[in-house]
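This report describes selected features of a single protein chain. Its topics are an internal cavity, the salt bridges and a surface patch.

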Amino acid sequence: MEIHNVTSVDGFILLGITDVPDLQIFLFIFFLMFYLFNLSGNLSIVLLIIIEQSLYKPMYFFLGNLSFLDIVFSTTTVPKMLSGLLIGDKRISVFGCIAQLYFFKFLGSTEALLLSSMSYDRYVAICNPLRYHVFMGRTSCIQLASSCWLIGFLYYLLQTIITFRLPYCNKNQVTHFYCDIKPVIKLACANTEQSEVLMRGIFAFVAVSTFPLIPVSYMYIGSHLLKIQSRQERRKAFSTCTSHITVVFLYFGTALEHWVKCY
């Protein structure tokens, strides 16, 4: 990926969350503990799925992908934020800003795709249990997960290239704790209207191409569960979906809030 450097700045400054010293120390400890908890929890899930053969199932395969993604996703922004809070190192190179922005968007869209794939997995498991291993065999799962990673990789490639082909002259202070598209584009010394339209279009395309599959899958699941006579069997089937539903609400709720604030 070649990006021509047309800026006169040699780096950016991430203003972060706050510049109050006492609050910075508190936030450093809080986010560090949360980050370590996230790493240890997700790493434990990945290792357990790899080691325990009884977990070699499609649902856990996608869960392992999601946990690995969360490790990389948080590592994209949190260490730099912690460095800024602890020692005040708020500078980031142009290349570092490009990498941070791109990987944050790439991994975020990949997570949305994986959550959609997991909803399809639950649909097949509950509505077509006899054909589950036909539709969700090892090869099918690998192909589906690989497609999620590849499509996520391509989603924001064009947007990142266009963002950093804009000229950046004097202003280099990013009003965020990481390099996000909207705060970075605001620093450009050129007309950014086309870039902002493209940015909104890509976000809308990501949302439209990932989210609808989830409610459609659960509509079919709900319709199927209503046909089950046994309340215990119905509850057992639905319990396999509760963790996925929780993650979906947390992810898309946060994504919607981010879109409202930034776009």
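## Cavity lining

The model is predicted. By class, the residues that line its largest cavity comprise 5 nonpolar, 4 polar and 3 charged residues. The volume of this largest cavity is about 100 Å³, and a search of the whole structure finds 1 cavity of 30 Å³ or more.

The lining is formed by Leu-14, Gly-16, Ile-17, Thr-18, Gln-24, Lys-80, Met-81, Gly-84, Leu-85, Asp-89, Lys-90 and Phe-177. Helix 2 (residues 58–87) supplies the largest share of this lining, with 4 residues. Rolling a probe the size of a water molecule over the atoms shows where empty space is left.

## Salt bridge at the cavity

The whole structure contains 4 salt bridges. One of them pairs Asp-89 with Lys-80, with 3.6 Å between the closest N and O atoms. Both Asp-89 and Lys-80 are also among the residues lining the largest cavity. Asp-89 is partly exposed, because its relative accessible area is 33% and the partly exposed class lies between the buried limit of 20% and the exposed limit of 50%.

## Salt bridges between distant segments

A salt bridge also joins Asp-10 to Arg-91, whose closest N and O atoms are 3.2 Å apart. Asp-10 belongs to the segment before strand 1 (11–14) and Arg-91 to strand 2 (residues 91–93), so this pair ties together parts that are 81 residues apart in sequence. The two partners are covered to unlike degrees: Asp-10 counts as exposed, at 63% relative accessibility, whereas Arg-91 is partly exposed, with a relative accessible area of 41%.

Asp-180 forms a further salt bridge, with Lys-105, and here the closest N and O atoms are 3.2 Å apart. This pair links distant parts of the chain, 75 residues apart: Asp-180 is in the loop between strand 3 (173–174) and helix 7 (181–185), and Lys-105 is in helix 3 (residues 94–127). Asp-180 and Lys-105 are both buried, that is, under 20% relative accessible area.

## Nonpolar surface patch

Val-20, Leu-23, Phe-26 and Phe-30 make a nonpolar surface patch of about 380 Å². Leu-23, one of these residues, is located in helix 1 (residues 21–51). With a relative accessible area of 37%, Leu-23 is partly exposed. Leu-23 can therefore belong to a patch, since patch residues need over 30% relative accessible area.

Definitions and conventions. Residues are numbered from 1 along each chain as its sequence is written. This is a predicted model: local features need pLDDT of at least 70, side-chain atom pairs count only at pLDDT 80 or more; totals for chains, interfaces and linings use all residues. Side-chain values use heavy atoms; hydrogens and water are left out. Patches are made of residues with over 30% relative accessible area and no salt bridge: like charges are joined within 9 Å, nonpolar side chains (Val, Leu, Ile, Met, Phe, Trp, Tyr) within 5 Å. Accessible areas come from the Shrake-Rupley method with a 1.4 Å probe; for residues, only the protein chains shown count as cover. A salt bridge is a side-chain nitrogen of Lys or Arg within 4 Å of a carboxyl oxygen of Asp or Glu. Helices (H or I, at least four residues) and strands (E, at least two) are DSSP runs, numbered from the N terminus. Buried means under 20% relative accessible area, exposed over 50%, partly exposed in between (1.4 Å probe, protein chains only). On a 1 Å grid over the protein atoms alone, a cavity is a set of points where a 1.4 Å probe fits but cannot get out, and a pocket is an open set with protein on both sides within 12 Å along at least five of seven lines; lining residues have an atom within 4 Å of a point. Grid points are joined across faces, edges and corners, and a volume is the space filled by probe spheres set on the points. Ala, Val, Leu, Ile, Met, Phe, Trp, Tyr, Cys and Pro count as nonpolar, Asp, Glu, Lys and Arg as charged, and the others, Gly among them, as polar.
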